[in-house]
Amino acid sequence: MTRLILFNLLLFGTCGYALLRGTRDARLVAMVCLVAAFASYPMASFYRGIETSVLVIDVLVLLAFVYVALTSSRFWPLWISGLQLTASLGHVIKALQSDLVPIAYAVALRYWSYPELLILALAVWRSQKRARIVVEPRTV
């Protein structure tokens, strides 16, 4: 339960920050993260077999992140896309090794969302910093 509360704090804090202060890319990634989180909550069961509904959500999130990475002038969306690809490969691992322990499968799917959110927050912070430098040039 504590993990869920901490994740929700990170999710809403990061996505709220991105929606309020972020660029177009950050806002799009934040919306995808929020929609995917809400769509995934009721879907995951006990990770005994391949979570088909979570697999579909993960692939759609991956496609959205790749779209942002391909249309962005920044490098951070590539990191988020790569992490989402890694998370999506957890389904492939479960398909190849059906006797995989359910907790290992669950961790393989869930773990990568934390660094994705941290990268998003860092990207928004850096874009804010860049915007201040452009608006307020330094005088030497």
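**Figure 1. The salt bridge, Arg24 with Asp25.** Search the whole structure, a predicted model, and one salt bridge turns up. Arg24 is paired here with Asp25, and their closest N and O atoms sit 2.5 Å apart. Side chains of opposite charge can pair when their charged atoms come close. The two partners are covered to differing degrees: Arg24 is partly exposed, with a relative accessible area of 43%, whereas Asp25 is buried at 10%. Asp25 gets the label "buried" because its 10% falls under the 20% cut-off.

**Figure 2. The whole chain, for orientation.** Before the other close-ups, here's the overall layout. The chain has six helices and zero strands, so reading along the sequence gives α-α-α-α-α-α, with helices taken as DSSP runs. Its C-alpha atoms fill a box of roughly 65 × 30 × 25 Å along the principal axes. Of the 140 residues, 35% are buried. If you take contacts between residues at least 6 apart in sequence, 67% of them join residues at least 24 apart. The accessible surface comes to about 8,800 Å², and carbon and sulfur atoms own 71% of that.

**Figure 3. Leu34 and its contacts.** Leu34 belongs to helix 2. Is this residue buried or exposed? With 13% relative accessibility, Leu34 counts as buried, because the cut-off for that label is under 20%. Which residues does Leu34 touch, once neighbours within four places in sequence are set aside? The contacts are Leu11, Phe12, Cys15 and Leu19. For a sense of distance, look across to Thr86: this residue is 52 places from Leu34 along the chain, and the two C-alpha atoms are separated by 19 Å.

**Figure 4. Ser81 in helix 4.** Helix 4 runs over residues 76–96, and Ser81 is part of it. Ser81 is buried, with a relative accessible area of just 7%. What surrounds this serine, leaving aside neighbours within four places in sequence? Leu62, Phe65, Val66 and Ala69 are all in contact with Ser81.

**Figure 5. A nonpolar patch on the surface.** Met1, Leu4, Ile5, Leu6, Leu9, Phe12, Phe38 and Tyr41 together make a nonpolar surface patch of about 860 Å². Which helix gives the largest share of the patch? That's helix 1 (residues 2–21), with five residues. Phe38, another member of the patch, comes from helix 2, which spans residues 24–40. Why can Phe38 be included in a surface patch? Its relative accessible area is 48%, which makes it partly exposed, and so it clears the requirement of over 30% for patch residues. Phe12 also belongs to the patch, and it's one of the residues that Leu34 contacts.

**Figure 6. A positive patch and the spread of charge.** Arg74, Arg126, Lys129 and Arg132 form a positive patch on the surface. Arg132 lies in helix 6, residues 113–135. This arginine is partly exposed, at 44% relative accessible area, so it too passes the patch requirement of over 30%. Zooming out to the chain, there are 13 positive and 6 negative charges, and their mean positions are 10 Å apart.

Note on methods
Residues are numbered from 1 along each chain as its sequence is written. This is a predicted model: local features need pLDDT of at least 70, side-chain atom pairs count only at pLDDT 80 or more; totals for chains, interfaces and linings use all residues. Side-chain values use heavy atoms; hydrogens and water are left out. Patches are made of residues with over 30% relative accessible area and no salt bridge: like charges are joined within 9 Å, nonpolar side chains (Val, Leu, Ile, Met, Phe, Trp, Tyr) within 5 Å. Accessible areas come from the Shrake-Rupley method with a 1.4 Å probe; for residues, only the protein chains shown count as cover. A salt bridge is a side-chain nitrogen of Lys or Arg within 4 Å of a carboxyl oxygen of Asp or Glu. Helices (H or I, at least four residues) and strands (E, at least two) are DSSP runs, numbered from the N terminus. Buried means under 20% relative accessible area, exposed over 50%, partly exposed in between (1.4 Å probe, protein chains only). Lys and Arg count as positive and Asp and Glu as negative; His and the chain ends are not counted. The place of a charge is taken as NZ of Lys, CZ of Arg, CG of Asp or CD of Glu. Contact means heavy atoms within 4.5 Å.
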